[in-house]
Number of protein chains: 2
Amino acid sequence: MSKVKTNNRTRILASCRALMNKEGAQAIGTTRLCEVLEISPGNLYYHFKNKEEIVRALFAELETDLRVAFGEEPPSSLTPKVFADFYIKTLDVAHENRFFFSGLLHLIRQDDVLATDYLSLQDWALDALAAVAEQAAKEGHLKIPNSKKRYRSIAINTWLIWSNWVRYLEISKQGDAISRADMVLGIEQIFDVLSGYLEPGYESAVRRHLKVVR
Amino acid sequence: MSKVKTNNRTRILASCRALMNKEGAQAIGTTRLCEVLEISPGNLYYHFKNKEEIVRALFAELETDLRVAFGEEPPSSLTPKVFADFYIKTLDVAHENRFFFSGLLHLIRQDDVLATDYLSLQDWALDALAAVAEQAAKEGHLKIPNSKKRYRSIAINTWLIWSNWVRYLEISKQGDAISRADMVLGIEQIFDVLSGYLEPGYESAVRRHLKVVR
């Protein structure tokens, strides 16, 4: 693929993500996208057959970014900084792809392939989140009774708050811009899922790192 | 208003809620609604000017039901049964109005009046949830450090899981029906927000009541 064509593909994806983040996935079609990008429909269709294909490509990027933010392999030690970074980086991915989580049910109702891919990612994330809680317990940072079942519950609640925090902000702020402080509050809310179980010294150390990004 | 007309208004609302719960708020318009109800557009427009008005009326019913489920006044004592009933009843309201929470951002982006009304309800619910946690602490059922700020955090996480649980099921079950067991799992997830703080005997007693509905 020539450089110009590669760049057009990248431009289409970036522009579509930005527009959908601003106005919602339902509101954006290929016609509007061509107008904003000042390209012909033929140019767009050279890269993507339809809107569905663009959304799938955006989801593939989201998935890659999320796996990187989670860390390809479990960390050798959950230092407070490693733990805090994990929350900060993953919530950034949710923010950069907020159109996806905000319009999720609508998007996957319209595309079975996307639905299946999304559920695979969700399953993987739930396992990874449970593994992080379990590792934190093994390293003595938290204490959980009836732990096996509870790790799963922690993973689900963490995922629910993580995947809905930015949507909650969009709903609550009625069009006002989302600030860095809003995102830090979200990181703290997600971390609060663990709060009742954490060893106090470790909790304070993680919270210090969470606040550095304000 | 004559009895027939009152009944038609009720039928329109019930039918619209059921259709939107099944297919999403975006997918249902007044034309479709008239077809399903076998009434003329004129008949529908006698009761509601447009889809927006129907959604506002459905929201008003949701709001009434949620306030009733929360309890008009704080309970004199948070017995395990009172506490469990509070979770069970409120999640039922979310389930019966799942179209609303699933399509929330889309709905309020299209209607500023609805957006304002929704935010008032959300603010009221967050205050009520914080008050319940505070009352539970006063009655000795849970212990929370740095409590003022933490009550607010608990309220937000409870609200996020409550308002997104049914959407999470709809996404995860890919069209399969939501069962009573799915709802009980949701009630337990919401209750788990408090788990790390609860007095163990009280926690077990509430969980026994939560499981009775299975």
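B:Leu91 touches B:Trp162, B:Trp165, B:Met183, B:Gly186, B:Ile187 and B:Ile190, leaving aside residues up to four places away in sequence; two residues count as in contact if their C-beta atoms, placed from the backbone, lie within 7 Å. B:Leu91 sits in helix α5 (residues 80–96) of chain B. Helices here are DSSP runs (H or I, at least four residues), as strands are (E, at least two), numbered from the N terminus. With 21 C-beta neighbours inside 10 Å, B:Leu91 counts as buried. For that label, a residue needs 20 or more other C-beta atoms within 10 Å of its own; 12 or fewer makes it exposed, and anything in between partly exposed. B:Leu91 and B:Ala69 are 22 residues apart in sequence and 9.0 Å apart in space, C-alpha to C-alpha.

A quick note on the ground rules. This is a predicted model, where local features need pLDDT of at least 70 and side-chain atom pairs count only at pLDDT 80 or more, while totals for chains, interfaces and linings use all residues. Residues are numbered from 1 along each chain as its sequence is written, with chains lettered from A and ligands numbered from 1 in the order in which they are written.

On confidence, chain A has a mean pLDDT of 91, and 95% of its residues reach 70 or more; pLDDT is the predictor's confidence in each residue, from 0 to 100. The complex gets an ipTM of 0.91 and a pTM of 0.92 from the predictor.

Now for chain A as a whole. Its secondary structure comes to 11 helices and 0 strands. The C-alpha trace spans about 60 × 35 × 35 Å along its principal axes, and 34% of the 214 residues of chain A count as buried. Of the contacts in chain A with a separation of 6 or more, 72% are between residues 24 or more positions apart.

Take helix α5 (residues 80–96) of chain A: at 1.5 Å a residue its 17 residues should span 24 Å, and the end C-alpha atoms are 25 Å apart, which agrees. That expected span is 1.5 Å times one less than the number of residues. Buried residues of α5(A) include A:Phe83, A:Phe86, A:Tyr87 and A:Leu91.

The domain assignment, which is automatic or from a database, splits chain A into domain 1 (1–49) and domain 2 (51–212). Their centres, taken over C-alpha atoms, are 28 Å apart. The contact between them takes 13 residues from each of domain 1 and domain 2 of chain A. On the domain 1 side, helix α1 (residues 3–23) of chain A gives the largest share, 6 residues.

How do the two chains sit together? Chain B can be laid on chain A with an RMSD of 0.0 Å by a turn of 180° and a shift of 0.0 Å along the axis, which is the relation of a two-fold axis. In chain B, the C-alpha nearest that axis belongs to B:Gly196, 2.0 Å away. The superposition is by least squares on the C-alpha atoms of residues with pLDDT of at least 70 in both copies.

The contact takes 28 residues from chain B and 28 residues from chain A. In chain B, α9(B) supplies the largest share, 11 residues. All the interface residues of chain B (100%) are also interface residues in chain A, so the copies meet through the same surface.

Here are the two contact sides by class. Ala, Val, Leu, Ile, Met, Phe, Trp, Tyr, Cys and Pro are nonpolar, Asp, Glu, Lys and Arg charged, and the others, Gly among them, polar.

| Side | Nonpolar | Polar | Charged |
|---|---|---|---|
| Chain B, touching chain A | 12 nonpolar residues | 12 polar residues | 4 charged residues |
| Domain 1 of chain A, touching domain 2 of chain A | 6 nonpolar residues | 5 polar residues | 2 charged residues |
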